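Please open the model in your viewer and keep the selection tool at hand. We will walk from stop to stop, and at each one you can look for yourself before reading on.

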Amino acid sequence: MALRNSGARLLRGLQPFGAAAAPNGARAASTASANGVPVEVHNPSGAARVVVTKPLPGDRWLQILTAAGCRVEVSQCPDISQDVATVKKLIGSRCDGVIGQLTEDWGAELFEALKAAGGRAYSNYAVGYNNVKVPEASKRGIPVGNTPGVLTETTAELAAALTLAAARRVPEADVFMRAGKYKGWLPDLFVGALLQNKTVGIVGAGRIGAAYARMMVEGHKMNLVYYDPYPNKGLEEYIRKYGELLRHSGEAPVAVRRVETVEEVLKEADVVSLHCNLDDTTRHLINAERLRMMKPNAVLVNAARGPCIDEAALVAHMKKHPDFRAGLDVFEHEPAMAPGLADLPNAVIVPHIASASLWTRSGMATLAAANVAGVIQGFGAWAKPNDITPFLDGPIPSLPRAAPSIVNAKEVGLPTAA
Ligand SMILES: O=C(O)C(=O)CO
């Protein structure tokens with residue numbers, strides 16, 4: 001069921017993102033039609049045409065594109081997910097670049113349409129890009145951007161919130177209160193799990209996984225066990241130093257250990273949080289067999305990608321083990337949920353909002369725009385993709401002359417720019 005944009009905005013209680021924003025020096029938006037799809041047009045006389053498939057928050061992204069001489073057309077299509085046919089209409093016969101969404105299927109058909117329209121750049125408005133068949137873009141010489149760095153803490157905070165909510169049964173207790181069922185304090189009312197001094201396990205110790213691990217280790221003095229094909233020495237060092245600090249203060253120190261297999265994490269941890277990319281090696285990483293390896297009262301958190309968990313197997317496991325808890329931000333077949341999931345009191349479920357802080361969502365827009373504007377202006381790929389802060393504030397004319405994060409820079413021969 002496609003929710004209409006306007007309805008969704010009402011639900012969020014927000015003004016439409018970017019509507020009629022007139023960035024410095026640019027004229028206010030007008031409306032037009034791109035092959036029947038309504039669009040809002042900014043900087044109509046811009047030399048390069050850039051399509052943005054959804055309204056985005058803030059207006060720095062628009063300032064960046066208009067300063068780069070782009071005419072910007074923002075889709076006003078009311079469907080939440082725009083299908084390939086709609087995006088092709090938006091691309092039309094001339095399009096220099098697109099900022100697209102993780103809900104769109106960017107494969108051969110769309111990259112062919114973009115190439116045929118003279119397209120030179122694509123950026124996902126997301127750090128994850130499992131919706132993008134990058135080799136199809138590379139084959140056509142189109143750089144693909146993403147938005148790392150600005151989601152790290154926001155996403156990790158939501159994963160931590162899901163962990164606490166699941167461990168301490170917050171949504172269940174909230175529903176109970178609202179139903180007027182609270183008749184007085186009881187020793188056994190909504191008894192949950194204490195996190196302090198337990199073991200948190202993470203699968204994937206990249207930026208977001210490491211930030212989450214720090215939050216759980218520092219905040220709750222948990223020990224960390226992690227699986228990642230590559231050691232995260234910085235994280236290990238940080239936790240060792242924190243352990244030393246605790247020891248000096250007369251407290252039990254915390255420990256960190258990298259293990260060789262996902263199974264070791266699952267067997268050992270009281271809380272397991274997934275922070276891996278979705279690819280063929282991580283699809284159904286958590287299946288019935290691996291769920292059985294976990295402690296029957298463990299907490300499983302997923303703010304990565306839904307298909308990393310076999311959701312039907314999870315539902316069956318949670319029915320059998322009512323003390324097993326899950327905190328899920330993402331779902332295998334979004335926006336649908338596996339039958340029975342929504343009825344489980346031991347599941348905490350939220351609608352893919354891990355990156356939903358205004359700072360992050362605006363920063364993602366800035367980075368996506370800088371990716372597209374950078375490539376269109378002939379800049380190379382930013383040499384320090386782990387430090388995108390120079391793009392986030394400061395006057396637009398002084399931005400680095402680079403595209404902040406291009407995932408296939410090497411494949412398309414984009415040079416590195418400092
Ligand atoms: O950026 C991503 O990959 C998301 O899932 C949404 O923020």
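Select Ala210 to begin; in this predicted model, Ala210 sits in helix α8. Is Ala210 buried or exposed? Ala210 is buried, because its relative accessible area is 7%. Now show what surrounds it. Leaving aside neighbours within four places in sequence, Ala210 is in contact with Ile202, Ala205, Asn232 and Leu235. For a sense of scale, draw a line from the C-alpha of Ala210 to the C-alpha of Glu40: the two residues are 170 apart in sequence and 39 Å apart in space.

**The helix around Ala210**

Widen the selection to the whole of α8, residues 207-220. The helix has 14 residues and reaches 20 Å from its first C-alpha to its last, close to the 20 Å expected at 1.5 Å a residue. Which residues of α8 are buried? They are Gly209, Ala210, Ala211, Tyr212, Ala213, Met216 and Val217. As you look along the helix, keep one rule in mind: an α-helix has 3.6 residues a turn, so residues three or four places apart point the same way.

Next, colour the elements that cover these buried residues. Among them are the helices α6 (152-167) and α9 (233-248), together with the strands β8 (199-203), β9 (223-227) and β11 (271-274).

Step off the end of the helix to Lys221, just after α8. Lys221 belongs to the loop between α8 and β9. Its phi is near 50°, a positive value in a residue other than glycine.

**Over to strand β2**

Select His42, which is found in strand β2. His42 counts as buried because its relative accessibility is 1%. Show side chains here, and you can find a polar contact of 3.1 Å between those of His42 and Glu40; Glu40 is the residue you used earlier for the long line to Ala210.

Move along to Asn43, in the loop between β2 (37-42) and β3 (48-52). With a relative accessible area of 17%, Asn43 is buried; the cut-off for that word is under 20%. What does the side chain of Asn43 meet? One of its polar atoms lies 2.9 Å from the backbone oxygen of Cys70. Beyond residues up to four places away in sequence, Asn43 touches Thr66, Gly69, Cys70 and Arg71.

**Strand β13 and the loop that follows**

Select Leu328 in strand β13. Leu328 counts as buried because its relative accessibility is 1%. Show its contacts next: not counting residues up to four places away in sequence, Leu328 touches Leu162, Asn302, Ile309, Leu314, Leu341, Val348, Ile349 and Val350. Ala304 is 24 residues from Leu328 in sequence, and their C-alpha atoms are 9.2 Å apart.

From there, go to Pro335, in the loop between β13 (325-328) and β14 (347-349). Look at the backbone here: a cis peptide bond joins Glu334 and Pro335, with omega at about 5°.

**A stop at Arg283**

Select Arg283, in the loop between β11 and α11 (288-293). Arg283 is partly exposed, with a relative accessible area of 46%. Outside the four places on either side in sequence, Arg283 touches Leu278 and Pro307. Its C-alpha is separated by 25 Å from that of Ala167, 116 residues away along the chain.

**Last stop: the ligand**

Select the ligand and show the residues around it: Leu102, Ala126, Val127, Gly128, Leu151, Arg305, His352, Ser355 and Met364. This shell divides into five nonpolar residues, three polar and one charged.

Where do the oxygen atoms of the ligand come within reach of polar protein atoms? Check these distances one by one:

- Ser355: a polar side-chain atom lies 2.5 Å from a ligand oxygen.
- Arg305: an N or O atom in the side chain is 2.7 Å from a ligand oxygen.
- Val127: a polar backbone atom is 2.8 Å from a ligand oxygen.

How much of the ligand does the protein bury? Taken alone, the ligand exposes 230 Å², and the protein buries 91% of that.

Before you leave, pick His352 from the shell around the ligand. His352 lies in the loop between β14 and α13 (358-376). Like Lys221, His352 is a residue other than glycine with a positive phi, here near 45°.

Note on methods:
Residues are numbered from 1 along each chain as its sequence is written. This is a predicted model: local features need pLDDT of at least 70, side-chain atom pairs count only at pLDDT 80 or more; totals for chains, interfaces and linings use all residues. Side-chain values use heavy atoms; hydrogens and water are left out. A residue is near a molecule or strand if one of its heavy atoms lies within 4 Å of it. A polar contact is a pair of N or O atoms within 3.5 Å; within protein, one must be able to donate a hydrogen and the other to accept it, and residues adjacent in sequence count only if both atoms are side-chain atoms. Accessible areas come from the Shrake-Rupley method with a 1.4 Å probe; for residues, only the protein chains shown count as cover. Ala, Val, Leu, Ile, Met, Phe, Trp, Tyr, Cys and Pro count as nonpolar, Asp, Glu, Lys and Arg as charged, and the others, Gly among them, as polar. Helices (H or I, at least four residues) and strands (E, at least two) are DSSP runs, numbered from the N terminus. Buried means under 20% relative accessible area, exposed over 50%, partly exposed in between (1.4 Å probe, protein chains only). Contact means heavy atoms within 4.5 Å. The expected span of a helix is 1.5 Å times one less than its number of residues.
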